[in-house]
Amino acid sequence: MSDFLENNYETCVEEALKRISPYIHKTPILSSENLNSMLNHKIFFKLESLQKTGAFKVRGVLNHLLCLKEKNILPEKIVAYSTGNHGIGVAYAAKKLGIKSRVYLPRNTATLKQQQAVYLGAEVIFTDTREEAEERTKLDSQNGYHYMHPSDSETTIRGAGTVCLEALKQVNQKIDAVFAACGGGGLLSGCYLAKQEFDPKIKVIGAEPETANDAAISLARGEIFRFKESPDTIADGLRTLGLSNRTFNYIKKLDDFITISENDIKYWTVWLMQLLKIICEPSCAISMAAAAKWLRCQSEEKTIMVIISGGNVDPNILSSLLSSEFLLREPKL
């Protein structure tokens, strides 16, 4: 239904930001003098963890649906699969626009994310696997539901990119690089488009868990690789099976792509919560882990932006991380 929008003015990131702004928070930018001193670089954090839904995903969903509404073809009911944050975004947007939402979640989805999707009014259906969730969503799309893919839509990607464009406007100074996590690739695709509109010289660098490295494998092979089963990583928002053709084409345009160990993901989750006094998902703390790796190779001081894309952390994971000994080892390059 949305393919006709792909090349229209509605799909640029600037227009997407104007379109969705009445429905979302303009989330803050934060920095840590302590961290800047430790690493000898200047780091800004975009706190999308403080978004109304606790994550960036709602931006893409809203832009997609609002574009359809402008054309008077807003669907009456939508369906999606998710590991949590996309489902929450779908539920929130559907509630705001007065339409029905159905969300398929694998049973291992964080309880907090399950509860938020239900609270916001979605019909939540649990599946045994991520693959089953995807398949059942596709079946519903053939039976009257509009399919809300997490990232395989130009309007969704532009909506996701608004978090980056908004951040660059807020800082309003030279940024050398933007770091964001890769699940299905929608956020990174949007960040690429946002920096092309704002300043094409800015680098965009992706981060992915070593244990959920389908995008890294795809880049190395030159073709899309998909996992048969959901990969095992503490970064639950990045347990995707594979990229779409659309997002793969954007990911190939990035300036760098860095894979991160589980230990480093946990380490930076704890330290970002300590330094910034925020709740931070492992799925976005990975971006700071990638930034630290990249900064080690830089010969001069850099100014960078790290997208903290979500804050919906499972309390059990949070408790486990905070009881660890990571804070005994101070960040350094």
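## Strand S2, helix H1 and a pocket

Of the 6 residues that make up strand S2 (residues 42-47), 5 are buried, so this strand is largely enclosed by the rest of the structure, which is here a predicted model. The buried state rests on a relative accessible area under 20%. Two strands pair with S2, as set out below.

| Partner of S2 | Sense | Bridges | A residue pair |
|---|---|---|---|
| S1 (residues 29-30) | antiparallel | 2 bridges | Ile-29 opposite Lys-46 |
| S10 (residues 303-308) | parallel | 6 bridges | Phe-44 with Met-305 |

Strand S2 thus takes part in an antiparallel pairing with S1 and in a parallel pairing with S10.

In helix H1 (residues 13-20), the buried residues are Val-13, Ala-16, Leu-17, Arg-19 and Ile-20. Because these residues cover an arc of only 165° around the axis, they lie on the same side of H1. Among the elements that cover the buried residues of H1 are three further helices, namely H3 (57-70), H7 (154-171) and H8 (186-198).

The second largest pocket has a volume of about 160 Å³ and is lined by 16 residues, among which Tyr-81, Glu-134, His-149, Arg-226 and Gly-242 lie nearest its centre. Helix H6 (residues 130-141) gives the most to the lining of this pocket, contributing 3 residues. By residue class, the lining of the second largest pocket comprises 7 polar, 5 nonpolar and 4 charged residues.

Note on methods. Residues are numbered from 1 along each chain as its sequence is written. This is a predicted model: local features need pLDDT of at least 70, side-chain atom pairs count only at pLDDT 80 or more; totals for chains, interfaces and linings use all residues. Side-chain values use heavy atoms; hydrogens and water are left out. Buried means under 20% relative accessible area, exposed over 50%, partly exposed in between (1.4 Å probe, protein chains only). Helices (H or I, at least four residues) and strands (E, at least two) are DSSP runs, numbered from the N terminus. Two strands pair if DSSP finds at least two bridges between them. The arc is that of the directions from the helix axis to the C-beta atoms. Contact means heavy atoms within 4.5 Å. On a 1 Å grid over the protein atoms alone, a cavity is a set of points where a 1.4 Å probe fits but cannot get out, and a pocket is an open set with protein on both sides within 12 Å along at least five of seven lines; lining residues have an atom within 4 Å of a point. Grid points are joined across faces, edges and corners, and a volume is the space filled by probe spheres set on the points. Ala, Val, Leu, Ile, Met, Phe, Trp, Tyr, Cys and Pro count as nonpolar, Asp, Glu, Lys and Arg as charged, and the others, Gly among them, as polar.
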